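Me: I should like to work through a protein structure by question and answer. Please explain the reasoning behind each reply.

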Amino acid sequence: MPYICLLLSGAALLVNGLATLGHLPRRDAAVFSLVVGGTQLALGVVHVSTSGESPAALLTAAGMFLFGVTYLYSGLDLLLALGGRGLGWFCGMVAFCGLLLAAAWLGPDPLLAVLWLCWSVLWALLFAGMALGAARLGPFTGWALVLTSQASATVPAVLGLAGLWPRSAAAAWPAALLLAGLFMAARTLARRGPKVPRRARAGDPLPAK
């Protein structure tokens, strides 16, 4: 169940990142977020009911629920035109929880700890953009979502589903360096953003002739 949720998160992060950059209509991303969030919450309930109450099982379920509620909330926030500020503060709380989960997983699963650190940074960017009004972070956030989505979610999910999840620190260090490099690449692309043409979104006005 957790690896399926992680696979869905890779898709949702990618779609929301593309929407943030203006390459997809935001309503499309909102509907997709609702589908992914609802599915993850359902899988989280199944995971809790079948895996018992061991600390590892509960920590895993907590992560599934944090992702699921985030996607549900983000989808509803846009479709209901809530304004994003409440969602931003929620993302700030989840960013802090992500740091706690990273610390909790550092011993038993260093790679997962690194991934939680990455996701905490993404949630922190969303918090800064929506709750604190740092709109200038929008391009950086969008590129960070796009670039890290596959490295932090899709690829690890496939490894887990194939029974190849590495639990040693030897795998965590290269992952940390890769993700840090992707954040740096996102920053570089964000600075070049105005020079990159954006695809028109549904509802955008037509250019003047």
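Me: In which helix does Thr-148 lie?
Reply: The structure under discussion is a predicted model. Within this model, the helix that holds Thr-148 is H6.

Me: Is Thr-148 buried or exposed?
Reply: A residue is called buried when its relative accessible area is under 20%. The relative accessibility of Thr-148 is 0%. Thr-148 therefore counts as buried.

Me: The side chain of Thr-148 has a polar atom 2.6 Å from a backbone oxygen; which residue does that oxygen belong to?
Reply: A polar contact requires a pair of N or O atoms within 3.5 Å. The polar atom of the Thr-148 side chain lies 2.6 Å from its partner. That partner is the backbone oxygen of Ala-144.

Me: What is the separation in space between the C-alpha atoms of Phe-183 and Thr-148?
Reply: Phe-183 belongs to helix H7, whereas Thr-148 belongs to helix H6. Phe-183 is in contact with Thr-148, and its other contacts beyond four places in sequence include Cys-118 and Leu-122. Thr-148 likewise touches Cys-118 and Leu-122. Although Phe-183 and Thr-148 are 35 residues apart along the chain, their C-alpha atoms are separated by 7.6 Å.

Me: Is Phe-183 buried or exposed?
Reply: The limit for a buried residue is under 20% relative accessible area. Phe-183 has a relative accessibility of 14%, so it counts as buried.

Me: How many salt bridges does a search of the whole structure find?
Reply: Side chains of opposite charge can pair when their charged atoms come close. The cut-off is 4 Å between a side-chain nitrogen of Lys or Arg and a carboxyl oxygen of Asp or Glu. Asp-109 and Arg-167 satisfy this requirement, with an N to O distance of 3.0 Å. The search of the whole structure finds one salt bridge.

Me: How many residues apart are Asp-109 and Arg-167?
Reply: Asp-109 is in the loop between helix H4 and helix H5. Arg-167 is in the loop between helix H6 and helix H7. The pair links distant parts of the chain, and the two residues are 58 residues apart.

Me: How many disulfides does the count come to?
Reply: A disulfide is a covalent bond between the sulfur atoms of two cysteines. The sulfur of Cys-5 is too far for a bond, because the closest cysteine sulfur, in Cys-97, is 17 Å away. The sulfur of Cys-97 is also too far for a bond, since its closest cysteine sulfur, in Cys-91, is 12 Å away. The count of disulfides comes to zero.

Me: Which residues does Thr-70 touch, not counting residues up to four places away in sequence?
Reply: Thr-70 is placed in helix H3 and counts as buried, with 7% relative accessibility. Its side chain reaches the backbone oxygen of Leu-66 at 2.7 Å. When residues up to four places away in sequence are left out, Thr-70 touches Leu-87, Phe-90, Val-94 and Trp-123.

Me: What is the volume of the largest pocket?
Reply: Rolling a probe the size of a water molecule over the atoms shows where empty space is left. The largest pocket is lined by 31 residues, and Leu-87 is one of those nearest its centre. Helices H1, H2, H3, H4, H5 and H6 each supply at least two residues of this lining. The volume of the largest pocket is about 710 Å³.

Me: Which residues is Gly-37 in contact with, leaving aside its neighbours within four places in sequence?
Reply: Gly-37 is found in helix H2. Gly-37 counts as buried, at 0% relative accessibility. Leaving aside the neighbours within four places in sequence, Gly-37 is in contact with Gly-68, Tyr-71 and Leu-72.

Me: What is the phi of Ala-81?
Reply: Most residues other than glycine have a negative phi. Ala-81 is in the loop between H3 and H4 and counts as exposed, at 65% relative accessibility. Ala-81 is a residue other than glycine with a positive phi, and the value is near 55°.

Definitions and conventions:
Residues numbered from 1 in each chain as written. Predicted model: local features only at pLDDT ≥ 70, side-chain atom pairs only at ≥ 80, totals over all residues. Heavy atoms only, no water. Disulfide = S-S within 2.5 Å. Helix = DSSP H or I, 4+ residues; strand = E, 2+ residues; numbered from the N terminus. Buried < 20%, exposed > 50% of the residue type's maximum accessible area, 1.4 Å probe, protein only. Polar contact = N/O pair within 3.5 Å; in protein donor to acceptor, adjacent residues only side chain to side chain. Contact = heavy atoms within 4.5 Å. 1 Å grid on protein atoms, 1.4 Å probe; cavity = no way out; pocket = protein on both sides within 12 Å on 5 of 7 lines; lining within 4 Å. Points joined across faces, edges and corners; volume = space filled by probe spheres on them.
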